[in-house]
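This report describes the architecture of one protein chain for a reader who is new to structural analysis. Please keep the sequence and the model in view while reading.

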Amino acid sequence: MRKSFSALILLLVVFTLSVFSQGERRGRLYLTGKVVNENKRGLESTIMIFRGKNKIDEFSTNRIGKFERAIELQDSLAMVVYAENYVSKTIYINSFVPLAKLKYDFAFPFFIDVYPIGRTPSNIDLGRPVGKIIFSGTQFIYDIEFTKAQNERLKEFVRERKDLKIRELEE
């Protein structure tokens, strides 16, 4: 009797684990793109993914600036593009979708253009984003108003850096 009861319990545990392991598939957001310089030529660079202030992933583009990476849905991340002698760029990614869309995959292709800064160092700055990617009901898009405002801030930042470099040379 004990053996049959133990076998029944074991069978029940195995069945339960197999049902949970075959749970519903969660979709992903596939980020694909190219990092380009001021001449619109591909630029090898490093891309880092942060959750809050914690770096969770780092990878390099290929030598012509192309990259692709899948991220989980229902997450909030920051993607930083870094290339030596260029101003780093941070893009916020809000990959939250309605629960009804959770099992689908989405793609977000884009270009990231970076500005040269010469020899003036530019640290990675998670608080200086240039854009935000959000879900719009059927697909992921740039939050246009946020991106527009942040790009103006970036241009001002680059101008300040160039002015700083000119002043250093004049002194």
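This is a predicted model. Leu31 offers a starting point: leaving aside residues up to four places away in sequence, Leu31 touches Phe67, Glu68, Arg69, Ile71, Met79, Ile93, Phe108, Phe110 and Ile133.

**The nonpolar core**

In soluble globular proteins, nonpolar side chains tend to be buried together. In this model the largest nonpolar core has 33 residues, and those that touch the most other members are Leu29, Leu31, Phe67, Met79, Phe110, Ile112 and Phe140. Two or more residues each are given to this core by β1 (28-36), β2 (46-51), β4 (66-72), β5 (76-82), β6 (89-94), β7 (106-113), β8 (129-135) and α2 (144-170). The largest share, four residues, comes from β7.

**The sheet around β1**

Strands of a sheet pair through backbone hydrogen bonds, either parallel or antiparallel. Here an open sheet of three strands has the order β4-β1-β7, with mixed pairing. Because β4 and β7 stand at the edges with a single partner strand each, one side of each has no neighbour in the sheet. On average, neighbouring strands of this sheet are turned by 20° against each other, direction ignored.

β1 and β7 run parallel and are joined by eight bridges. The bridge partner of Leu31 in β7 is Phe108, and Val36 stands opposite Asp113 in β7.

In which direction do the side chains along β7 point? They alternate: Phe106, Phe108, Phe110 and Ile112 point to one face and are buried, whereas Ala107, Pro109, Phe111 and Asp113 point to the other face and are not buried. In a regular strand the side chains alternate between the two faces of the sheet.

**Strands β6, β8 and β9**

Five of the seven residues of β8 are buried, so this strand is largely enclosed by the rest of the structure. β8 pairs with β6 and with β9, as the table sets out.

| Strand pair | Sense | Bridges | Residues opposite each other |
|---|---|---|---|
| β6 and β8 | parallel | four | Tyr92 and Lys132 |
| β8 and β9 | antiparallel | three | Ile134 and Ile141 |

β8 and β9 also form a hairpin with four residues between them, and Gly137 in the turn has a positive phi of about 115°.

**Two buried residues**

Is Lys89, in strand β6, buried or exposed? Lys89 counts as buried because its relative accessibility is 4%, under the limit of 20%. Its side chain reaches the backbone oxygen of Asp113 at 2.5 Å. Beyond residues up to four places away in sequence, Lys89 touches several others, including Met79, Ile112, Tyr115 and Leu154.

Phe140 lies in strand β9 (residues 140-142). With 4% relative accessibility, Phe140 counts as buried as well. The contacts of Phe140 with residues outside its sequence neighbourhood of four places include Leu29, Asn94, Phe106, Phe108 and Ile134. Phe140 and Asn94 are 46 residues apart in sequence, and their C-alpha atoms are 9.2 Å apart in space.

**Confidence in the model**

The protein chain averages a pLDDT of 82, and 79% of the residues score at least 70. Over residues 5-22 the pLDDT stays under 50, and the model has zero contacts there beyond four places in sequence. The pLDDT is also below 50 over residues 167-171, a stretch with zero contacts beyond near neighbours in sequence. Where pLDDT is low, the predicted coordinates should not be read in detail.

Technical notes:
Residues numbered from 1 in each chain as written. Predicted model: local features only at pLDDT ≥ 70, side-chain atom pairs only at ≥ 80, totals over all residues. Heavy atoms only, no water. Core = buried A, V, L, I, M, F, W, Y, C linked by side-chain atoms within 4.5 Å. Buried < 20%, exposed > 50% of the residue type's maximum accessible area, 1.4 Å probe, protein only. Contact = heavy atoms within 4.5 Å. Pairing = 2+ DSSP bridges. Axes fitted to C-alpha atoms, helices over the stretch in contact; angles between N-to-C directions. Polar contact = N/O pair within 3.5 Å; in protein donor to acceptor, adjacent residues only side chain to side chain. pLDDT = per-residue confidence, 0-100.
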